[in-house]
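Colleague: I'm new to this one and would like a close look at a single part of it. Could you walk me through it slowly?

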Amino acid sequence: MKQNKHRFINLNSKLIALLLFILFSNCSRNSEATRFTSEIKFRQYYVQGQLLYEQHCSNCHQKDGSGLGLLYPPLNHSDYMDQNFEKVICMMKYGIKGELVINGKSYNKEMPGVLSLSDLEVTEIATYIYNTWSHQKDSIDISGITRILNQCSQQ
Amino acid sequence: MNKTKSFSRYAVVCSLLVILFSACTKPEKTLPIFGERNIEGSDTIYHTIAPYSFVDQDSSVITNATFKDKIYVADFFFTSCRTICPIMKTQMLRVYEAKLSDPEVLLLSHSIDPEYDTVGLLHDFAGRLGVKSEKWHFVTGNKEDIYKIAQTSYFATAMEDKSEPDGFIHSGAFLLIDKNQRIRGKYDGTKDDDVNRLLNDIERLKKEYEAK
């Protein structure tokens, strides 16, 4: 029994060495592969995000993100979005009320949140709105969104 | 010989058909008149909007007399609605902009959540939308009265329903009302092309009055 375990460990370390060898020899190709999968992931998030945006947000903010008068603020150009990423993540799910100043103009109507959004869906919408119109934030990681969402729900 | 004969016959039939169809479409039909009608003697009595009295965003009292000799477009909404109302308001804003300089045309939006949508709130709402009060009236008033006029005068659904995401069921309809307070058209206020049809029908309706 003991001997068996020993052999197993031995085999295991050999295997690890082999794996490490393969890994390193493949290193350059590997990072390309990661880039490739993350590009695919970004595309997926983006496409889903657009659908969700049109379902939950474009009623008010419009498809082209231009908003409506001083009722619904614009997303296509928004200094607020640039400076308040975490607040924006929270408001998608939990809503927001009170005065907001966007591009120097005052808005003050309640935005209802969409409580049913999952962390993934919030990530997808964020990927969409932060990479469309004037925004180029690049890929957004779901673990970061989960962390932000956990914090806002505790407020 | 035979061939040319049959060809000319063919040409005659064709041109007859063309004439027939163009004759069919030429006189633009007048818009329908919605609702029941009663014949009284030699007069036909049409369905009209019942008397009402509401208050708009400037605290002005709005009654049927406000729309005397005016064509107007009516709808039902509430400011806190997140589903179809923002789209309806975007579309109504198109109508507003298209008819801004036309004194014959006015707009009337009724709140179906009048307890929440106070005059102050409607004033803020209209201000943020950037529209003039004398062109576009946003009215609030007695809830029962608003629901009743929606259902029995404008044939629009409006009722409270706590199971709906917004707490209300209501249609996204825009209603075209003529100078005699009769309904002449019903449009989906959330659809671009239906609202284009409305804009076109407003012009048709105006022509009807010019011809008189």
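What phi does Gly130(B) take, just after H3(B)?

Modeller: Bear in mind that this is a predicted model. Gly130(B), which comes just after H3(B), takes a positive phi of about 75°.

Now back up into the helix itself. H3 of chain B covers residues 119-129, and its buried residues are Leu122(B), Phe125(B), Ala126(B), Arg128(B) and Leu129(B). Look down the axis of H3(B) and those buried residues fall within an arc of 160°, so they line one face of the helix. What do they pack against? Part of the answer is in the other chain: strand S2 (105-107) of chain A. The rest is in chain B, namely strand S5 (71-77), helix H2 (85-98) and strand S7 (136-139).

Let's follow two of those partners, starting with H2(B). Its 14 residues should span 20 Å at 1.5 Å a residue, and its end C-alpha atoms are indeed 20 Å apart, which agrees. Of those 14 residues, 10 are buried, so H2(B) is largely enclosed by the rest of the structure. Among the buried ones are Cys85(B), Pro86(B), Met88(B), Leu93(B) and Tyr96(B).

Cys85(B) deserves a pause. A disulfide joins Cys85(B) to Cys81(B), with 2.1 Å from S to S. The torsion about that S-S bond is about 100°, so the disulfide of Cys81(B) and Cys85(B) is right-handed. Cys81(B) is buried, just as Cys85(B) is. There is also a chain A cysteine to mention here: Cys60(A) has its closest cysteine sulfur in Cys81(B), but at 8.2 Å that is too far for a bond. Cys60(A) is buried too, with a relative accessible area of 13%.

The other partner to follow is S2 of chain A, which is where you'll find Lys105(A). Is Lys105(A) buried or partly exposed? With a relative accessible area of 48%, Lys105(A) is partly exposed. Not counting residues up to four places away in sequence, Lys105(A) touches Leu70(A) and Leu100(A). Leu70(A) is 35 residues from Lys105(A) in sequence, yet the two are 7.9 Å apart in space, C-alpha to C-alpha.

So, to retrace the route: the buried residues of H3(B) line one face of the helix, and they pack against H2(B) and S2 of chain A, together with S5 and S7 of chain B.

Methods
Residues numbered from 1 in each chain as written. Chains lettered and ligands numbered in written order. Predicted model: local features only at pLDDT ≥ 70, side-chain atom pairs only at ≥ 80, totals over all residues. Heavy atoms only, no water. Buried < 20%, exposed > 50% of the residue type's maximum accessible area, 1.4 Å probe, protein only. Helix = DSSP H or I, 4+ residues; strand = E, 2+ residues; numbered from the N terminus. Arc of directions from axis to C-beta. Contact = heavy atoms within 4.5 Å. Expected span 1.5 Å × (residues − 1). Disulfide = S-S within 2.5 Å.
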